[in-house]
Amino acid sequence: MNPPSLFTAARNVFMRDLTIALRRSTDVLTPLMFFLIVVTLFPLGVGPEANLLRTMAPGVIWVAALLATMLSLGRLFSNDYADGTLEQLALAPHPLPLLVLAKVCAHWVLTGLPLVAMSPLLALQLNLEPRQMATLVTTLLLGTPVLSLLGSIGAALTLGLRGGGVLVSLLVLPLYTPILIFGAGAVSARAFGLDAEAHLSLLAAFLILGAVFAPWAAAAALRISLD
Amino acid sequence: MLSYAAPKNFYPFAGKLIPWIGFAAVVTLAFGLYLGLFVAPADYQQGQSYRIMFIHVPSAWMSMFVYVVMAAAGAASLVWKTKLAEVLASACAPIGASFTLITLVTGSLWGKPMWGTWWAWDARLTSELILLFLYIGVMALQASIDDPRRAARAAAVLALVGVVNIPVIHFSVEWWNTLHQPASVSKLGMPSIHPSMLAPLLLMAVGFKLYFVAMVLVRMRYQILERERHTQWVAQVVESEK
């Protein structure tokens, strides 16, 4: 029997991850609820003053998105590692980086995309100005896939380790800083009526670089973890 | 020359090198400190307190240099699977983290009299802090994997990802900062430096490098002993040291 083509293999991995996750939908909802709760805590902590919240909103929403993505990274590989699927993927005739990319895409559809969809609601809560809204959604659309891509490296490195969940935050969060800076920076710039195009271009550049290089690093890390 | 890459030959060779390099480091550092603390004139703006620069600037250079060494050794260990490169990479991490910490602490001590604050969200300060986090990540990853070879390879991947990211992080932080408060970047901007201050600075930089080489060799020797503890030659070394 011939192995399926490259594209079919990647699509199968992608669809499989989606199907599994949707059958256990609480897994998908938990990071989303976390995102909602963290953002809700900020007004309680710093006070309900509308102007203060408006200034803080881009940073708060972005940091919450970072943390929510990071919390969901455990789901990326650990179940497949536990039941041996990951070893089968590594043995497959297809290049592992491509299969990893398919898994990362599924992870983004399940985590990043819901975060993006929910962000306008939170932005309203924090009194973000209407002209910032579109920028917020665009930055999250460009930035959250990078979070999933970089996160996949951390998730692959900490596979099967004790204290993996906390460790992954230590590895991944410093790498997230550029995304946070330009993501939140673009939204803040819009508040002053400035153009956010430079920020968005850089985020897009990170996305392209991440999509090209991160799967290779994650695949190398997976092979080390599977040894 | 290549035969020194075998741990068995490297161990005694490094043992012979360490006293010489360590001695050179002590002499260079002592001379550099003497020139820096007693001979160099006081700064016309900063008075005496600028002298912390002779510790601060070389350790800042080292903090980046050691990370690059660690990543290069990691790459070598991934490509050629040499044990010595793995040992070198993992010996670098704590030393580099210490240099980063020294940079942050001395910078903070210097910042208080000069800027009137212990900490400013200046571009360089922030990227140095993130560098410390990257070091801590590498060390934490190494510590949580029991098998030393697997730990070394995982840490090498992380160090390589980090080394790609360091320029990106640095420039993003710089841009982020200049967007908010453009004045503070020029605060740190070093004016052209007088030779009487440059000489001790360069001496200290060389001294720090020598110190790093000596320390890394010491750490590598201990790690080699621990990794090879089941071999014949380590048993002989332990026997002869008794």
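Is A:Asp80 buried or exposed, and at what relative accessibility? I looked this up in what is a predicted model, and found that A:Asp80 counts as buried, at 6% relative accessibility.

**Entry 1: the partner of A:Asp80**

I then followed the side chain of A:Asp80 to A:Arg16, with which it forms a salt bridge whose closest N and O atoms are 3.5 Å apart. I noted that this pair links distant parts of the chain, since A:Arg16 sits in helix 1 (residues 6-23) of chain A and A:Asp80 in helix 4 (residues 74-82) of chain A, 64 residues apart. Unlike the buried A:Asp80, A:Arg16 is partly exposed, with a relative accessible area of 30%.

**Entry 2: two pairs in chain B**

I turned to chain B, where the side chains of B:Glu228 and B:Lys83 meet in a salt bridge, at 3.3 Å from N to O. B:Glu228 belongs to the loop between helix 7 and helix 8 of chain B, while B:Lys83 belongs to helix 3 (residues 83-115) of chain B, so this salt bridge ties together parts that are 145 residues apart in sequence. I recorded B:Glu228 as buried, with a relative accessible area of 10%, and B:Lys83 as partly exposed, at 35% relative accessibility.

I also found B:Glu86 in a salt bridge with B:Arg227, their closest N and O atoms being 3.0 Å apart. Because B:Glu86 lies in helix 3 of chain B and B:Arg227 in helix 7 of chain B, the pair ties together parts that are 141 residues apart in sequence. Here B:Glu86 counts as buried, at 1% relative accessibility, and B:Arg227 is partly exposed, with a relative accessible area of 21%.

I went back to chain A for shared partners, and noted that salt bridges join A:Arg16, A:Asp17, A:Asp80 and A:Lys103 into one network. Over all chains I have the count as 10 salt bridges.

**Entry 3: helix 8 of chain B**

Which residues of helix 8 (residues 232-241) of chain B are buried? I listed B:Trp233, B:Val234 and B:Val237. They cover an arc of only 100 degrees around the axis, which means that they are on the same side of helix 8 of chain B. As a reminder to myself, an α-helix has 3.6 residues a turn, so residues three or four places apart point the same way.

On the face of helix 8 of chain B that is turned away from the buried side, I found the exposed residues B:Gln232, B:Gln236 and B:Glu239. When I asked what covers the buried residues of helix 8 of chain B, the answer included helix 1 (7-39) and helix 7 (195-227) of chain B.

Terms used: Residues are numbered from 1 along each chain as its sequence is written. Chains are lettered from A and ligands numbered from 1 in the order in which they are written. This is a predicted model: local features need pLDDT of at least 70, side-chain atom pairs count only at pLDDT 80 or more; totals for chains, interfaces and linings use all residues. Side-chain values use heavy atoms; hydrogens and water are left out. Buried means under 20% relative accessible area, exposed over 50%, partly exposed in between (1.4 Å probe, protein chains only). Helices (H or I, at least four residues) and strands (E, at least two) are DSSP runs, numbered from the N terminus. The arc is that of the directions from the helix axis to the C-beta atoms. Contact means heavy atoms within 4.5 Å. A salt bridge is a side-chain nitrogen of Lys or Arg within 4 Å of a carboxyl oxygen of Asp or Glu.
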